[in-house]
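Here is a walk through one protein model, taken a step at a time. Keep the structure in view as you read.

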Amino acid sequence: MKRIFVSIFVLLAASVSIISCGYSGKSSSTTHKPSGLPFRVFISNPLFPTGTGTNLPVLNIVDALRDVLSTSVVSLIGDSPQPGLMAVSSNLKFTLVYSPTGNSVTVVDNTSESVATAAGSTSVLPAIVLPGFTESIAINPAATTAYAAVPTAPVLGQAPGAVEVLNLQNGSIAASIPVPGAHFVVSSPDGNHVLVFSDNSDTVTVIATILIGTSTDPRSFVTGFDRPVWGIFTGSGTAFVLNCGPQCRGKAAGVSVLDVGTSTATSTIPVSAATYGLLNGSTLYVAGTAPPNPPGTNTCAGTPTAATICGTLSVIDTGSMTVTGSAVITNGYHDRMDISQNGQLFIGAHSCTNINIPGGEVRGCLSIFNTNSPGVVIPPSTGDATGIQQIPGRDIVYVVQNGALGIYDTTTDKLQVNQGNPQNNNGQVGIVGQLFDVKLVD
């Protein structure tokens with residue numbers, strides 16, 4: 001891998017450039033950014049080398065038009081010691097960066113490529129310290145508030161677990177809503193409701209955000225699920241709820257329809273497993289890993305792999321609410337998914353079975369499903385897939401796997417090779433460090 005180093009001066013200095021929003025490369029506004037790039041991805045990296053023997057926490061910036069690493073970075077020194085999970089607001093104003101070291105959330109201004117300042121002030125927002133670990137953050141459409149699920153948050157006189165309401169204008173926790181075992185949160189498109197999914201629970205908690213801070217309890221509880229872990233809104237009033245079932249010590253995996261306005265669940269269709277999904281038009285893709293039944297059964301039988309446990313991708317027609325297809329994919333806990341403009345569905349997981357046979361099979365936690373001509377490619381790369389980002393306008397998907405960035409050509413489902421650009425490394429971007437997440441911010 002090509003090694004790229006920067007000095008402390010480059011990390012902290014800012015150059016001014018005129019840039020535009022979007023991927024067309026045509027200026028539609030004049031905004032000053034240190035990188036000067038019109039179309040960017042941020043990549044979280046706690047171990048970026050300075051060339052002086054030290055490593056610094058940063059967000060690396062990559063030109064998503066040309067796949068070239070910028071010499072500018074978003075410095076997180078003193079704010080986020082271990083930048084990992086990221087969440088981007090729908091208006092592209094902010095990127096929230098979570099550090100498991102210190103359980104802090106840092107608000108980054110995407111325009112200035114620096115830690116955001118408080119509303120109406122020049123003071124830098126402090127990192128928001130959570131009362132425990134999170135792996136799920138949702139931002140409201142106005143980018144003024146975010147919600148973090150903290151399953152171990154202490155609650156006086158109750159079981160631990162809460163949804164922390166983050167004020168992105170002053171960098172504080174505005175409220176803490178008790179929800180035992182709260183692990184994942186999903187916000188409705190209009191920001192009026194937040195779905196909360198708790199560990200070892202058959203209930204979905206619905207938070208009416210307008211009631212937060214009033215004398216009325218903002219929570220309602222919808223029962224009748226089977227270890228629900230994720231939700232996908234079809235609009236602001238309806239969501240598909242993914243029931244994890246046996247993978248989460250429940251009974252049966254499936255997809256349920258939740259009417260958020262009335263807090264009622266309607267039909268449920270069974271699937272093999274369900275921890276994560278993506279809605280593309282009227283087609284819902286759902287991934288998960290069913291445990292062997294009986295134990296010891298080879299769930300990969302019939303698939304050319306040395307692995308003995310495989311996952312399943314279910315394809316659902318949401319009009320008829322029927323499963324129209326399925327495919328065998330890598331196993332693990334699936335929690336990443338994105339689809340390219342030409343219909344290649346990238347599915348990522350963690351804690352999967354890694355295979356690395358010298359001269360033979362290599363596979364990790366990444367699967368690629370061709371939605372146009374159903375079939376699965378398992379790239380020859382090991383490790384957890386912790387970040388997936390498709391690039392609009394290009395047949396390209398960025399993937400962070402095993403701490404490194406891979407840029408995939410979705411016309412071949414292979415790592416991109418050099419297209420004649422001398423500034424990247426054989427079609428790839430060499431970033432030294434321990435990468436975790438990747439997000440498009442334009």
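Start with β34 and β35. These two strands run antiparallel, joined by 6 bridges. The model is a predicted one. Across this pair, glutamine 401 stands opposite alanine 404 of β35. The two strands make a hairpin, with 2 residues between them. One residue of that turn, asparagine 402, has a positive phi of about 55°. Asparagine 402 sits in the loop that links β34 (396–401) to β35 (404–409). As a rule, most residues other than glycine have a negative phi.

Now look to the other partner, β33. Strand β33 covers residues 385–391, and 6 bridges join it to β34. This pairing is antiparallel too. Here alanine 385 is the residue opposite glutamine 401 of β34. So what lies between β33 and β34? They form a hairpin with 4 residues between them. In that turn, glycine 393 has a positive phi of about 80°. Strands in a sheet pair through backbone hydrogen bonds, whether parallel or antiparallel.

Is β34 largely enclosed or open? Buried means under 20% relative accessible area. In β34, 6 of the 6 residues are buried, so the rest of the structure largely encloses this strand. Its side chains can be followed in turn. Ile396, Tyr398 and Val400 point one way, while Val397, Val399 and Gln401 point the other way. Residues on both sides are buried. In a regular strand, side chains alternate between the two faces of the sheet.

Step back to the whole chain. The protein has 1 helix and 37 strands. Its C-alpha trace spans about 60 × 55 × 40 Å along the principal axes. For 442 residues, a compact globule would have a radius of gyration near 22 Å; the protein has 22 Å, so the two agree. Of the 442 residues, 54% count as buried. Among contacts with a separation of 6 or more, 47% come from residues 24 or more positions apart.

Next, the nonpolar interior. The largest nonpolar core has 44 residues. Leu195, Leu313, Met337 and Leu345 touch the most other members. Take methionine 337. Beyond its neighbours within four places in sequence, methionine 337 is in contact with residues including Tyr276, Leu278, Tyr285, Leu313, Leu345, Phe346 and Ile388. A second core is separate and has 23 residues, among them Ala87, Phe94, Tyr98 and Leu130.

Move to an open sheet of 4 strands. Its order is β19-β20-β21-β22, and the pairing is antiparallel. Which strands form the edges? They are β19 (228–233) and β22 (264–270), each pairing on one side only. From one strand to the next, the twist averages 25°. Within this sheet, 5 bridges join β21 (residues 254–259) to β22. One pair can be picked out: valine 255 has isoleucine 269 of β22 as its bridge partner.

Two buried residues are worth a stop. Glycine 311 lies in strand β25. Its relative accessibility is 1%, so glycine 311 counts as buried. Setting aside neighbours within four places in sequence, its contacts include Gly288, Thr289, Ala327, Val328 and His334. The C-alpha atoms of glycine 311 and alanine 349 are 9.8 Å apart, although 38 residues separate the two along the chain.

The other is serine 198, in strand β16 (residues 193–198). With a relative accessible area of 9%, serine 198 is buried. Its side chain reaches the backbone oxygen of proline 180 at 2.9 Å. Apart from neighbours within four places in sequence, serine 198 is in contact with Val179, Pro180, Gly181, Ala182, His183 and Pro228.

Finish in the loops. Proline 294 lies between β24 (283–288) and β25 (311–317). The peptide bond from asparagine 293 to proline 294 is cis, with omega near 0°. Most peptide bonds, by comparison, are trans.

Serine 351 is in the loop between β28 (344–350) and β29 (355–356). Serine 351 is not a glycine, yet it has a positive phi of about 60°. Is serine 351 buried or exposed? Exposed means over 50% relative accessible area. Serine 351 has 56% relative accessibility, so it counts as exposed.

Definitions and conventions. Residues are numbered from 1 along each chain as its sequence is written. This is a predicted model: local features need pLDDT of at least 70, side-chain atom pairs count only at pLDDT 80 or more; totals for chains, interfaces and linings use all residues. Side-chain values use heavy atoms; hydrogens and water are left out. Two strands pair if DSSP finds at least two bridges between them. Axes are lines fitted to C-alpha atoms, for helices over the stretch in contact, and angles run from 0 to 180 degrees between N-to-C directions. Buried means under 20% relative accessible area, exposed over 50%, partly exposed in between (1.4 Å probe, protein chains only). Contact means heavy atoms within 4.5 Å. A nonpolar core is a set of buried Ala, Val, Leu, Ile, Met, Phe, Trp, Tyr and Cys residues joined through side-chain atoms within 4.5 Å. A polar contact is a pair of N or O atoms within 3.5 Å; within protein, one must be able to donate a hydrogen and the other to accept it, and residues adjacent in sequence count only if both atoms are side-chain atoms. The radius of gyration is taken over C-alpha atoms; the globule rule is 2.2 Å times the number of residues to the power 0.38.
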